[in-house]
Amino acid sequence: MYALRSLSKLVWGANESAETFKLASGVLYEERAGAKVARKCIYKDSELCIRKTSTPYQYQLVAIRALEEGEDLSDSLDDERSFLIGVELKFTPTTFEGAHGFRWNDVGESTYEFIADESATKSVREAFAMAVARCAWERKHRREYTEADAGEVKEIMDRAEDEELERLLDSVKLDDADIEAAVGPMSPVKPQPVDPEVAAAAAAPIAPLTFDLPTEPAEMADGEITVSALGELYMFDAPSGEFVQVAKEVALTVVEVGKYEYCMNVASNDRSFTSQVIEPEMNAVFNHDHGSLIWNYFDQNRAYSFSMVTVDEKHYEALHQGMTRAAYETLNQESWNKATVASQDYILDAYEEDVDMLPEPEMWTSDEEDEEYEEEEVEEDEESDEEEDEESDEEEDEDEESDEDEIDKIFSRAPGSQGVKTSREVETESESESESESEDESESEGESGTESGAGADAGSGAAKNSKLAVGYKHGRSFVVRGSRIGVFRHTDGDEIVFDTSINHVDDTRGREFTPSTMMLHEQDSALVLQDAQRPNELFKMDLEYGKVVEEWRVHEDVPTVAVAPTTKYAQMTGDRTLVGLSHNMLYRIDPRLRDNMIVQDQQQAYVTKSHFTTAAATESGAVAVGSAKGEIRLFDRLGVRAKTVLPALGEPILGIDVTSDGRYVVATCKTYLLLVDTKLPDDANGRTGFMKAFPQAQKPAPKRLQLKPEHVVYMGAPIAFTPAKFNQAPDAQGSEKTIVTSTGPFVVTWNLRRVLGTGRGDAYHIKQYQDTVVADNFRFGQDRSIVVTLPNDVQSVKRSQLAKPTRESLMIRSSGSLL
């Protein structure tokens, strides 16, 4: 028993590292039936370890790629593969070309092999296999494996029907020598004689752990119970970074308190834990493999993250469907039963964490090629710091029914009477003026950003930065600040500096306004602006003169709520037209037309308001449109009905973007991003939902990209994402591979390939700033650097500076210190 407990301590948690039991060196292979290459080397040099997760009694088998000399882990986008340990893994010994290792199954069609080097002796391999088997036992029984007897462990293996692993478990006899051989190299502490007092203390009853639970609700929500599930309740403990059990048995009930209004109650026989309204800020995550629901709870003082692990699959399915239904009805204000079966399946998939998507495009590089690209990119940074309409009609029918004295330092250069002037021209003119000294001082302050930034010491005026437009020409980006527009210049070293400003945005009659929309147009020679107070009009600002030169009254009776380029990279062309949206109409705007600028044969109106909010176009001119109801429509061209309508999850679509080829759409909601693969399944021509309607029974499987609820605990505030964007890649079809967004003071990126390859929507990198991020986007034509707009600053950050989230990187900072 002492030997067993010693192993438990090393594998299950006395060490600070969660990866304490491992095979230090080997080669990872993948075998996939039906693939062009049946056996593929994933990592030439890697280690295999057991990792304890934040969910109790859940462990992962993790293969980690060894870093090359001089390589930084944060630069790698495919550095590990992880697998949830369970009986279904079928973890067995194997041999390959005379070398020994292990073989196991993934949840898909892949099989993996780890072939260890000679340092992994037989006893080390046997001890590792035993550890994996006992992890599987813990997952099944939700108890420490030291409580198991030989028969119980044997039962786990019998159920897996794996005779080879069963033989291994029967034959392995662990003694102190085996354990020392297996874990000695990894353990920094040598076994010492046990002190009698220490032994007595260890044998004494363990005092119950205390947790900083939220205040018990004064009363629980009352109403009709629509679903009830039993399970264990855990709460995320921020200091330890783990979920800890707070109740062995609780009941979670969903209560209907009014028409389309629901609350969730969680209570045990001893106390009530939470009673909260079901709403997006809960940030709920379902995981079928774990049989769990994880969510956030906020009170006046802090954020919490709870996890309920259901007693069995029946209770999990009831909870999953009941919570999803309640969320849908709350957000859509309509009955769940009005949604088609296909739509219900789509929505249920969207709320589950482990949904498989279609395979990644074959045009993408292999793992090794992708790694080489990343390594080359890092080297460059280090060396130089640069460089069919009927179908769609039927589907759509179903869905119808400032004073100058207060100018901030960042914009304090002299206004150019003849338009936008460069900083050099402003300096030259200011030398002859009496205020030249103070202007020079404010200029240096404006360009002294601490992190490739500009305007870090902006003044205290009421106006704040609000909008960002990144140009492809002349390396310029533009930022709206009240009724002014700042012009920023990108340097060869991927930094950004303040260049000049347009200090008054006036219409042609001299009326000042604050742009609510800004879009680069006509080869970056103009900006298209909109005033929220005049939604029927658009304004064209000539950037050579720095003033509005045209006013476009789009339509007397059609207010425009959003505009977009006619194609993905239309801003690089001389195309004068653009895509417009009203609440219930999609249309082409042609400023060359008089009176009514909507092109009559390129408009599509709907009888009832569809509440359109945002649009984005592919390189071919297909258009994706999001709505306040949460629907996503895919149009192959303007002037026709949508080919595909993806059901609303309920949250409004705040922003939408699409890859050049239309394969992937990312829609931004307040608390998550929705990634959709539009490729039609089993379509011989490789068409997407833009070209042809999805079959009713084959809606795409959406993937929610969201922050882990336990990470939100560290961040201390609900999530509110800014519109997410793919990186722009005009010279390489289908090569958008990174997504960027922000929430509060955090910039967040997802690697598209990793999301598709692993199915994980929570694998992201993050960086914290001292202030709220109001807008962000990649520098045009690459994803190496990101333009970050803060209320009083504009900065450029290298993507490699974003890191995997940790407690230290997520805790809200004040004056450079952790709170």
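These are my notebook entries on one helix, one small sheet and two residues in a predicted model.

**Ground rules.** The model is predicted, so I kept local features to pLDDT of at least 70 and side-chain atom pairs to pLDDT 80 or more, while totals for chains, interfaces and linings use all residues. Residues are numbered from 1 along each chain as its sequence is written, and side-chain values use heavy atoms, with hydrogens and water left out.

**Helix H2.** I looked up H2, residues 122-141 (helices, H or I, of at least four residues and strands, E, of at least two are DSSP runs numbered from the N terminus). Its 20 residues should span 28 Å at 1.5 Å a residue, where the expected span is 1.5 Å times one less than the number of residues. The end C-alpha atoms are 29 Å apart, which agrees. Of the 20 residues, 15 are buried, so H2 is largely enclosed by the rest of the structure. Buried means under 20% relative accessible area, exposed over 50%, partly exposed in between (1.4 Å probe, protein chains only). Right after H2 comes Arg142, with a positive phi near 55 degrees.

**Open sheet.** Next I checked four strands, which run E16-E17-E18-E19 with antiparallel pairing (two strands pair if DSSP finds at least two bridges between them). E16 (465-470) and E19 (496-502) are the edges, each pairing on one side only. Six bridges join E17 to E18, and Val480 has Ile485 in E18 as its bridge partner.

**Two residues.** His765 sits in strand E39 and counts as buried at 12% relative accessibility. Asp531, in strand E21, is buried too, at 8%. Beyond four places in sequence, Asp531 is in contact (heavy atoms within 4.5 Å) with Phe513, Thr514, Ser516 and Phe539.
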